[in-house]
Amino acid sequence: MRIKILIEYDGNEFYGWQIQKKFKTCQGEIENALKKIFLREIRIKGASRLDRGVHAISQVAHFDISKKILNRYFKSLEDFKRSLNSILPDAIYIKDIQVEKNDFHARFSAKGKIYVYKIFLGRSPLKRKYFWEIDYKININSLYKMAKFLKGERDFKKWAPGHKGKGFVNIFDAGWKRKGNVLIFYIAGNRFLNKLVRSIVGQMVFLSKEGNYLKFKEYLEKGPEKIIIAPPHGLYLAKVFYEKYNKKMLKEIIS
């Protein structure tokens with residue numbers, strides 16, 4: 001039986017999503033909790049390999065377990081969810097558990113993902129671990145204009161440090177929203193390369209210092225002169241979707 005779990009976690013507490021022998025990771029903590037419950041090794045597979053410091057509002061993962069074993073321990077999926085959350089560290093929370101078809105795969109069945117990046121204009125001790133603090137002047141209108149150039153399919157290989165293989169990404173939607181001193185960048189696409197969202201945000205912020213939004217369009221066509229990576233703690237995996245993208249998905253996240 002294939003089980004899908006929806007996970008929220010604080011990236012500040014882990015060395016990324018993917019399991020590592022010597023470091024605390026989100027995948028590793030969940031697998032350890034499952035082992036305590038079922039007294040056997042259970043490997044989970046996630047939809048996205050998030051870097052160290054990146055947060056997840058809705059990471060998706062799956063694992064397989066026999067119905068007989070699951071029913072031996074729990075009367076319902078809600079009981080299972082409650083037990084799993086009681087074992088996991090406070091920085092991880094299982095938001096939902098569902099039974100899926102056997103051909104479902106958290107990563108390969110996905111049609112796309114939505115990320116958000118949060119910036120605080122100024123300084124805030126309470127926000128510094130979850131926002132990129134920017135206490136210098138930037139041209140916010142130029143950020144809005146740059147985001148409009150992102151929609152469509154193009155090769156982002158030159159934007160992603162260390163990426164090997166094909167670099168084409170189809171961006172369905174992208175933009176900025178401001179709430180007081182908080183700037184939120186949102187981007188939806190069929191896939192994302194390693195550090196790509198942080199590279200896009202870093203470049204936009206750098207160019208916005210002088211309001212040079214047309215340079216960003218040039219970089220999208222030819223590749224950036226220099227890769228600028230925004231800090232990881234401002235980035236959130238907001239949604240992994242398994243059906244065709246629509247605007248309603250975005251409204252749920254940034255409303």
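**Pockets, cores and a few unusual residues**

Strand 2 (45-46), strand 5 (112-121) and helix 5 each put at least two residues into the lining of the largest pocket. The structure here is a predicted model, and this pocket is a handy place to start looking around. The space inside the largest pocket comes to about 810 Å³. Its lining is made of 32 residues, and Ala47, Ser48, Arg49, Arg107 and Lys113 are the ones closest to the centre. Sorted by class, the lining of the largest pocket has 14 nonpolar, 9 polar and 9 charged residues.

One of those central residues, serine 48, deserves a second look. Serine 48 sits in the loop between strand 2 and strand 3. Is serine 48 buried or exposed? Its relative accessible area is 6%, and the cut-off for buried is under 20%, so serine 48 counts as buried. Leaving out residues up to four places away in sequence, serine 48 touches Trp17, Gln59, Lys113, Tyr115 and Leu237.

The second largest pocket holds about 260 Å³ of space. Here 16 residues form the lining, with Leu6, Ser58, Val60, Lys239 and Val240 nearest the centre. Two or more lining residues come from each of strand 1 (2-9), strand 3 (55-64), strand 4 (92-100), strand 10 (235-241) and helix 7 (247-254). Strand 10 is the top contributor to the lining of the second largest pocket, giving 4 residues. The split by class for this lining is 9 nonpolar, 2 polar and 5 charged.

Stepping back to the whole chain, the secondary structure adds up to 7 helices and 10 strands. The C-alpha trace spans about 65 × 40 × 35 Å along its principal axes. How does the radius of gyration fit with a compact globule? For 255 residues, a compact globule would come out near 18 Å, and the chain has 19 Å, so the two agree. Half the story is on the inside: 50% of the 255 residues count as buried. Distant parts of the sequence also meet in this fold, since among contacts between residues at least 6 apart in sequence, 69% join residues at least 24 apart.

What about the interior? In soluble globular proteins, nonpolar side chains tend to be buried together. In this model the largest nonpolar core has 73 residues, and Ile30, Leu150 and Phe185 have the most contacts inside it. Helix 5 (residues 196-208) gives the most to this core, supplying 7 residues. Another core, of 15 residues, lies apart from it, and its members include Phe131, Tyr186, Ala238 and Phe241. Phenylalanine 185 shows what a well-connected core residue looks like. Not counting residues up to four places away in sequence, phenylalanine 185 touches Tyr115, Val116, Tyr117, Ala147, Leu150, Ala174, Gly175, Trp176, Val197, Ile200, Val201 and Met204.

Leucine 121 and isoleucine 140 make a good pair to follow next. Leucine 121 lies in strand 5 and counts as buried because its relative accessibility, 17%, falls under 20%. The C-alpha atoms of leucine 121 and glutamate 133 are separated by 6.1 Å, with the two residues 12 apart along the chain. Neighbours within four places in sequence aside, leucine 121 is in contact with Ile134, Ile138, Ile140, Arg178, Asn181 and Leu183.

Isoleucine 140 belongs to helix 4 (residues 140-148) and is buried too, with a relative accessible area of 13%. With neighbours within four places set aside, the contacts of isoleucine 140 are Leu121, Arg178 and Leu183. Arg178 and Leu183 therefore turn up in the contacts of leucine 121 and in those of isoleucine 140. Isoleucine 140 also has lysine 209 at 8.9 Å in space, C-alpha to C-alpha, although 69 residues separate them in sequence.

Finally, two residues stand out for their backbone angles. Most residues other than glycine have a negative phi. Leucine 39, which is not a glycine, has a positive phi near 60°. Leucine 39 is placed in the loop between helix 1 (26-38) and strand 2, and at 68% relative accessibility it counts as exposed, because the cut-off is over 50%. Lysine 195 likewise has a positive phi, of about 60°, without being a glycine. Lysine 195 sits in the loop between strand 9 (182-189) and helix 5, and its relative accessible area of 28% makes it partly exposed.

Technical notes:
Residues numbered from 1 in each chain as written. Predicted model: local features only at pLDDT ≥ 70, side-chain atom pairs only at ≥ 80, totals over all residues. Heavy atoms only, no water. Core = buried A, V, L, I, M, F, W, Y, C linked by side-chain atoms within 4.5 Å. Buried < 20%, exposed > 50% of the residue type's maximum accessible area, 1.4 Å probe, protein only. Contact = heavy atoms within 4.5 Å. 1 Å grid on protein atoms, 1.4 Å probe; cavity = no way out; pocket = protein on both sides within 12 Å on 5 of 7 lines; lining within 4 Å. Points joined across faces, edges and corners; volume = space filled by probe spheres on them. Nonpolar A, V, L, I, M, F, W, Y, C, P; charged D, E, K, R; others polar. Rg over C-alpha atoms; globule rule 2.2 N^0.38 Å.
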